[in-house]
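Please work through the following exercises with the sequence and the structure at hand. Each task is followed by a stepwise solution.

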Amino acid sequence: MQPDTRKTNLRITALISIGKHPGSGRARRAEQDARAVEMAMTLSPQGMEVLHAGDPQADSLRAYAGMGLKKLRILQQGETADVVPALSQYLKQQKPDIILTGVRAESGESSGMTPYLLGEALGLPVVTRIAEIVSIDNGEANLLQALPRGQRRALRVPLPFVASVDMAAAAPRQSAFGPGSRALMDSEDIGVAVNDEVKAGWTEAPARKRPKRLKVVKAKTAADRFKAATAKSTGDGGKVLRDKPASEMAQAVFDLLLEEGVLR
């Protein structure tokens, strides 16, 4: 049997957002945020809180409550408001041991900056893309960080901290309509509403796939063309800059962006 990793005195806050289905575009619970809620429910079902900053009337929030939650905490915010000031003020008062978020939202800006901005505002360390919280002892947490190709990195982080949950974490349980409809939506206006004037002027449109760059083969014979088609990519176009002045590294990045056509 596996050891019981649940902590009754551990206070965890899972931040949730309104997701968007990649095919239909309909509002839903965000996949990464649902995994953060699942992780919090597994670790500390009694000391967890699920927090959202936005519209308390959003029906998609009920999908999180349908996972077995009796209450959702909602900080009332307008559609164009910046959620970081409201979240940071509330979390400074509550002082949870662990703050869990998704890596990035499925709607809106989807920049993935919320965990970092919260960590900076609260003065807490930030751990990205965790797959599991293995154990917590002596005021420190043993984590597994998800790496490419299924690899994992073991980390040890002191409490409190902010962590973003990767898709490699345990899948969330199914959402039931009945418990979700009966859950309490505890909304509060904490008086912090910072409108993002730049975001208010944006217009959203479906993203388009960027065309793939075709490899130009300058071969004269059939043997040369066959060799070029079957040869492995050497990746000799890259450059590793290490222990260089910041101005030199910044210039290299700027030159690359110009070469790729990102900057004009």
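Gln32 is buried, at a relative accessible area of 14%, where buried means under 20%, exposed over 50% and partly exposed in between (1.4 Å probe, protein chains only). This is a predicted model, in which local features need pLDDT of at least 70 and side-chain atom pairs pLDDT 80 or more, while totals for chains, interfaces and linings use all residues. Residues are numbered from 1 along each chain as its sequence is written, and side-chain values use heavy atoms, without hydrogens and water.

**Exercise 1.** Determine the surroundings of Gln32.

Step 1. Locate the residue: Gln32 belongs to helix H1 (residues 31–43); helices are DSSP runs of H or I with at least four residues, strands runs of E with at least two, numbered from the N terminus.

Step 2. List the contacts (heavy atoms within 4.5 Å). Beyond neighbours within four places in sequence, Gln32 touches Gly102, Val103, Arg104, Val165 and Met167.

Step 3. Examine the side chain: that of Gln32 reaches the backbone nitrogen of Val103 at 2.9 Å.

**Exercise 2.** Establish whether strand S7 (residues 98–102) is enclosed or open, and find its partners.

Step 1. Five of the five residues of S7 are buried, so the strand is largely enclosed by the rest of the structure.

Step 2. Consider the faces: Ile98, Leu100 and Gly102 are buried on one side, Ile99 and Thr101 on the other.

Step 3. Identify the pairing, which requires at least two DSSP bridges. Strand S1 (residues 12–15) pairs with S7 in parallel over three bridges, and Ala14 has Leu100 as its bridge partner. Strand S11 (residues 161–165) also pairs with S7 in parallel, over five bridges, and Gly102 is bridged to Val165.

Note on methods: A polar contact is a pair of N or O atoms within 3.5 Å; within protein, one must be able to donate a hydrogen and the other to accept it, and residues adjacent in sequence count only if both atoms are side-chain atoms.
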